[in-house]
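Me: I've got a structure here that I'd like to go through with you. Could you take it one question at a time?

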Amino acid sequence: MCLSVRPYIPNPLCCFKCQHFGHSKTSCRGTLTCARCAEMGHDSSQSTAVEKCVNCKDIHTSFSRNGSAWKLEKEIITTKIKKQISYPEARKLVKTQTPASATSYSSIVKTHVQLYAPITILETFCTVILNLIQLT
Ligand SMILES: [Zn+2]
Ligand SMILES: [Zn+2]
Ligand SMILES: [Zn+2]
């Protein structure tokens with residue numbers, strides 16, 4: 001791979017109407033969805049609700065670049081341009097190369113919970129015992 005060649009990679013195109021990637025507001029066939037709270041039927045300018053991303057369901061606005069969906073979209077575009085393949089092909093390639101971040105994250109959480117759950121129970125148990133001692 002030649003590193004001196006740096007092709008221009010555009011940022012993911014995010015629809016201002018339905019908040020999904022890959023198309024613009026003008027060609028949107030989706031439903032008006034709030035960019036702030038991911039609820040349908042209102043504009044983000046009218047919204048004061050808690051932030052929720054349409055694409056990754058995380059606590060950030062749908063146009064946030066910190067979202068895993070945004071990063072994945074960027075990765076797909078980068079692959080598409082670098083390998084000069086079609087968008088669906090690039091998407092497939094990225095998805096097979098990188099295990100879904102959401103899945104790996106939840107499995108980390110699971111192992112974390114499994115490791116620390118007994119300690120938490122033990123802690124609760126100790127607190128109960130301590131309270132009992134103090135009471136008597
Ligand atoms: Zn749209
Ligand atoms: Zn809203
Ligand atoms: Zn997101």
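Me: How are H1 and H2 oriented to each other: parallel, antiparallel, perpendicular or oblique?
Reply: Keep in mind that this is a predicted model. The axes of H1 and H2 cross at roughly 120° and come within 8 Å. Perpendicular only stretches from 65 to 115 degrees, and antiparallel needs over 145. That angle fits neither range, so H1 and H2 count as oblique.

Me: Is the crossing of H1 and H2 left-handed or right-handed, and which residues of H2 make the contact?
Reply: The crossing is right-handed. On the H1 side, the contact uses Leu72, Glu75, Ile76, Thr79, Lys80 and Lys83. Facing them from H2 are Tyr87, Ala90, Arg91, Leu93 and Val94.

Me: Leucine 93 caught my eye. Is leucine 93 buried, exposed or partly exposed?
Reply: Leucine 93 is found in helix H2, and its C-alpha is 8.1 Å from that of isoleucine 76, although the two are 17 residues apart in sequence. Counting around leucine 93 gives 16 other C-beta atoms within 10 Å. Buried needs 20 or more and exposed means 12 or fewer, so a residue in between gets the middle label. Leucine 93 is therefore partly exposed.

Me: Which residues of H1 are buried?
Reply: H1 has 16 residues and reaches 22 Å from its first C-alpha to its last, close to the 22 Å expected. Its buried residues pack against helix H2. They are Ala69, Trp70, Leu72, Glu73, Ile76, Ile77 and Thr79.

Me: Which helix gives the largest share of the largest nonpolar core?
Reply: Nonpolar side chains tend to be buried together in soluble globular proteins. Here the largest nonpolar core has 11 residues, including Cys34, Val54, Trp70 and Ala90. The largest share of this core is five residues, and they come from helix H1.

Me: Leaving aside neighbours within four places in sequence, which residues is isoleucine 77 in contact with?
Reply: Isoleucine 77 is one of the core residues, and it is buried in H1. With those sequence neighbours set aside, its contacts are Ile9, Pro10 and Pro12.

Me: What phi does glutamine 84 take?
Reply: Glutamine 84 sits just after H1. Its phi is positive, at about 55°.

Me: Zooming out, what pattern does the chain follow along the sequence?
Reply: The chain has 136 residues, and 16% of them count as buried. Its secondary structure comes to three helices and zero strands. Read along the sequence, that gives α-α-α.

Key: Residues numbered from 1 in each chain as written. Chains lettered and ligands numbered in written order. Predicted model: local features only at pLDDT ≥ 70, side-chain atom pairs only at ≥ 80, totals over all residues. Core = buried A, V, L, I, M, F, W, Y, C linked by C-beta atoms within 7 Å. Helix = DSSP H or I, 4+ residues; strand = E, 2+ residues; numbered from the N terminus. Contact = placed C-beta atoms within 7 Å. Expected span 1.5 Å × (residues − 1). Axes fitted to C-alpha atoms, helices over the stretch in contact; angles between N-to-C directions. Parallel < 35°, antiparallel > 145°, perpendicular 65-115°, else oblique. Left-handed = near helix turned anticlockwise from the far one by under 90°.
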